Amino acid sequence: MKVTFSKAAPPKSAAMIVLCTQTDDFGEVFSALNEDADGALKRAAKAGGFTGRKDQFVEILTPAGLDQDRIVLAGVGDVKDFTLHDAETLGGGSIARLLKTSEKSAAFLIDGLAEHVEDIDVVAAHIAYGATLRAYRFDKYKASEEKDAKPALSKVSLHGAGSNAKKAFADLSALADGVALCRDLVSEPANILYPETFADRCRELEALGVKVTILTAKDMQKLGMGSLLGVAQGSVREARLVAMEWSGGDAKQKPIALVGKGVTFDTGGISLKPAPGMEDMKWDMGGAAAVTGAMSAIAGRQAKANVVGVIGLVENMPDGNAQRPGDVVTSMSGKTIEVLNTDAEGRLVLADAVWWTQEKYKPSTLIDLATLTGAVIISLGHEYAGLFTEDDALADELGEAAKSSGDKIWRLPLAKTHYDMIKCDIADMKNIGGREAGSSTAAAFIGNFIKDGVRWAHLDIAGMAWSKKATATIPKGGVGYGVRLLDAYVRETIESD
Ligand code: BES
Ligand code: ZN
Ligand code: ZN
């Protein structure tokens, strides 16, 4: 999507989106247009029950007196409480409508907002950002889609913004690229995206200045990563561990580490999952995709912070060589694990990934993201990711980032009792704790591999990686969850130091 900003009037050829405040006359811009159209806009608004409320839209085709073939009236609501998040929703919601038409370009007329908001350029940038997020489409495998079934929209222009809008949009555009990368990775089928090819995609971040290191199965063997490799051993696809380093901060500053679960397909292994819905498990690498997308965003906007992203990539398959329930594996940390259920594999991957990350990078803070448990979907549905941490300050920081980014989180308990529930008779721990508090025992398992003094939080994003319904800024499919949260965390907590 090409995005431009200007002070000039919109081109006649574009579909025009008019922002309307929730007032009797919908604002001056509307009034002037309505006059040119001899009252047709006001009549259409009335007929459509349009009051200028948030999320309200009315479309008018070929109004007499105006050059445009299509006008979209978009409700702004009460300007007094108009936020940047509202701007994104407005941009995305408007574009969602036009994607269903044959319009090639969309022009937002935003003059009317200028007098009501602090900085119209920043608002304009966020409208464009919302539009960009909503226009995403994963259609590379639609080989014979009819041309007119594809959205034609390729240009968005914003009229009434000043020269700083472009600058404000640059960072948001890098963020939208990171979200798109995350969605691409999550949407790819597992015959195309497997550990080796996922690692290849990470290599592409080198173009942004990211240092990429890829460990092969042999490298991991030497390091003693028996926990991660045990999961991979039933698959013909070899495991990989990828580290992506962005060093934009003070050389003396310890990095923060983002670690992601990257199970490119989770059949459950010998503890095989039931067939219905198993196709969903292609997105069991949503944590790794979020970390990769976040690294792209952070590097793309040249963040002044030291951040390392580490992802553990495996495929979990049943096979003659697959690990069995009851097997005992030794992790890189030296701790042993009895694998009672081969479907609780994400934690086994993370055990070695977080340990290696701490040994190699000595991070101050480590945040891991994983589509870890079905239990978190039972607890929180598809609205919130589960946050587990024993560090209240870190929970607050992440809470702030969640609020500003729109990637919602809800804190769930993690306490000694959950560590007790995974104690084991024959090894240092077992990989399941039974049905009760399943997301908390999974978090405790990872906690067993976090070193003293490292600030750590775990995000269970099982309910968030994929969505069956669209919102204003997220088409259905891969959500891109976590990219904006992690970017906001780095921006608000690390860069503001
Ligand atoms: N990848 C799944 C978790 C999952 C389930 C993500 C549904 C998204 C939707 C994970 O590896 C898993 O299978 N977890 C088990 C753990 C259990 C065996 C203790 C689960 O949640 O059932
Ligand atoms: Zn599993
Ligand atoms: Zn899994």
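**Strand β10 and some selected residues**

Q: Are the residues on the two faces of β10 buried or exposed?
A: One side of β10 carries Asn306, Val308, Val310, Gly312, Val314 and Asn316, while Val307, Gly309, Ile311, Leu313 and Glu315 are on the other. Strands (E, at least two residues) and helices (H or I, at least four) are DSSP runs, numbered from the N terminus. Buried means under 20% relative accessible area, exposed over 50% and partly exposed in between, with a 1.4 Å probe and protein chains only. Both faces of β10 are covered, and the residues listed are all buried.

Q: What kind of model is this?
A: Residues are numbered from 1 along each chain as its sequence is written, chains are lettered from A and ligands numbered from 1 in the order in which they are written, and side-chain values use heavy atoms, with hydrogens and water left out. Local features need pLDDT of at least 70, side-chain atom pairs count only at pLDDT 80 or more, totals for chains, interfaces and linings use all residues, and the model is predicted.

Q: How many residues of strand β10 are buried?
A: Strand β10 spans residues 306-316. The strand is mostly covered, and its buried count is 11 of 11.

Q: Which residue of β10 is the bridge partner of Ser247?
A: Strand β8 (residues 240-247) runs antiparallel to β10, and eight bridges join them; two strands pair if DSSP finds at least two bridges between them. In β10, the partner of Ser247 is Asn306.

Q: Which residue of β10 is the bridge partner of Gly260?
A: Strand β9 (residues 256-266) pairs with β10 in the parallel sense, over 10 bridges. For Gly260, the bridge partner in β10 is Ile311.

Q: How far apart in space are Trp355 and Leu228, C-alpha to C-alpha?
A: Trp355 is placed in helix α10 (residues 346-361) and counts as buried because its relative accessibility is 17%. In sequence, Trp355 and Leu228 are 127 residues apart. From C-alpha to C-alpha, their separation in space is 11 Å.

Q: Near what value is the phi of Phe26?
A: Phe26 is in the loop between β2 (15-21) and α1, and it counts as buried because its relative accessibility is 7%. Most residues other than glycine have a negative phi. In Phe26, phi is positive, near 60°.

Q: Near what value is the phi of Asp55?
A: The loop between α2 (40-47) and β3 (57-61) holds Asp55. Asp55 counts as exposed because its relative accessibility is 57%. Its phi is also positive, near 65°.
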